[in-house]
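Student: I'd like to learn how to read a structure like this one. Can we walk through it together?
Tutor: Sure, let's put it up and go feature by feature.

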Number of protein chains: 2
Amino acid sequence: MGVTKTQIFTDKQNDLAQFFKVLGHPARVAILQYVSKQNACICSDLVDEIGLAQATISQHLKELKSINLLKGEVEGKRMCYCINVERWSEIQEQLNTFFNNAKSNCC
Amino acid sequence: MGVTKTQIFTDKQNDLAQFFKVLGHPARVAILQYVSKQNACICSDLVDEIGLAQATISQHLKELKSINLLKGEVEGKRMCYCINVERWSEIQEQLNTFFNNAKSNCC
DNA sequence: ACTATATATTGCAATATTACGATGTTAATT
DNA sequence: AATTAACATCGTAATATTGCAATATATAGT
């Protein structure tokens, strides 16, 4: 098996889990922290900064792009990766909604 | 190789990624939503509610316990799983700190 | 055109995750 | 004491993820 049974969950649950999953790797957390600290990003900086092979960084960037958290623009022979601010807030809001809905008075 | 290189990241980055990772599965999102909706929880309810085998649910609960998001108390022959409210707020705060630190003016 | 630079893609090995049946464990019930 | 109920744990198969070398692609500079 080993396959997540997405069919039995709602779209919202799957989406939420998908955000969490993409953020669930220290390299991707580190990339987001670095990019947001810089206000601009060049991928080769990340390779030096983070200490993973270029292919690996590129892969992580791809996943962050897949949920639209990062947007990349070609700038000559470089790529400029930036935080997608609208999406960023949107996700933050969704996570807060998720967290705010917990009321646990038992135990 | 398939192993996350945790050594090259800070403890904070690893911890943050760990929360995200645990939350990064729709079954665990669904469990948290259900538990927080109920104000009390019995595991057998979850098996019916979610539609995964009992062993699978039990495994997911274990992971949620591993980051202290859920606490379980023995209640006779049943288990009462509840949201750990302090931890819950703590994590929410950490996530918001993470999200609030992004300032992206580029592109 | 050639070369160097920056990034993406592919292929693959190592390891992790997901799911579940089978089997333990513990406590209430008979 | 035997049985049932409610989990937990183990073992294992299927699949996913991580990481990197090798290779492809695309652009800038010579």
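Student: In what order do the elements of chain A run from the N terminus on?
Tutor: Keep in mind that this is a predicted model. Chain A reads α-α-α-α-β-β-α from its N terminus. Tallied up, that is five helices and two strands.

Student: What share of the residues in chain A is buried?
Tutor: Chain A has 107 residues, and 45% of them are buried. You can also look at how far apart in sequence the touching residues lie. Take the contacts in chain A between residues at least 6 apart in sequence: 47% of those join residues at least 24 apart.

Student: Now the two chains. What rotation superposes chain A on chain B?
Tutor: A rotation of 180 degrees, with 0.0 Å of shift along its axis, and the RMSD is 0.0 Å. That is the relation of a two-fold axis. The same surface serves both copies, too: 100% of the contact residues of chain A recur in chain B.

Student: And how many residues does each chain give to the contact?
Tutor: Chain A puts in 45 residues and chain B puts in 46 residues.

Student: How do I put a size on an interface?
Tutor: People often quote the accessible area that is lost when the parts come together. Here chain A and chain B bury about 4,100 Å² between them, and 68% of that is on carbon and sulfur atoms.

Student: Which elements of chain A give two or more residues to the side that touches chain B?
Tutor: Those are α1 (11–23), α2 (26–38), β2 (78–83) and α5 (85–100) of chain A. The largest share comes from α5(A), with nine residues. Sorted by class, the side of chain A that touches chain B has 26 nonpolar, 15 polar and four charged residues.

Student: How many salt bridges and polar contacts should I look for across the interface?
Tutor: For salt bridges, the rule finds zero between chain A and chain B. Polar contacts are another story: 11 residue pairs turn up across the interface, with both residues at pLDDT 80 or more.

Student: Let's zoom in on single residues. Is A:N96 buried or exposed?
Tutor: For a call like that, check the relative accessible area against the cut-off: buried means under 20%. A:N96 sits in helix α5 of chain A and has 17% relative accessibility, so it counts as buried.

Student: What does A:N96 touch, leaving out residues up to four places away in sequence?
Tutor: A:N96 touches B:Q92 and B:N96. Now flip to the partner chain: B:N96 is in helix α5 (residues 85–100) of chain B, and its contacts, counted that way, are A:Q92 and A:N96. With a relative accessible area of 18%, B:N96 is buried.

Student: And where does A:Q33 lie?
Tutor: A:Q33 is in helix α2 of chain A. Its relative accessible area is 31%, so A:Q33 is partly exposed.

Student: Which residues does A:Q33 touch, not counting those up to four places away in sequence?
Tutor: A:Q33 touches B:Q13, B:L16 and B:F98. For a look within the chain, pick A:I83: A:Q33 and A:I83 are 50 residues apart along the chain, and their C-alpha atoms are separated by 9.9 Å.

Note on methods
Residues numbered from 1 in each chain as written. Chains lettered and ligands numbered in written order. Predicted model: local features only at pLDDT ≥ 70, side-chain atom pairs only at ≥ 80, totals over all residues. Heavy atoms only, no water. Least-squares fit on C-alpha atoms with pLDDT ≥ 70 in both. Contact = heavy atoms within 4.5 Å. Buried area = accessible area lost by both parts, 1.4 Å probe. Salt bridge = Lys/Arg side-chain N within 4 Å of Asp/Glu carboxyl O. Polar contact = N/O pair within 3.5 Å; in protein donor to acceptor, adjacent residues only side chain to side chain. Helix = DSSP H or I, 4+ residues; strand = E, 2+ residues; numbered from the N terminus. Nonpolar A, V, L, I, M, F, W, Y, C, P; charged D, E, K, R; others polar. Buried < 20%, exposed > 50% of the residue type's maximum accessible area, 1.4 Å probe, protein only.
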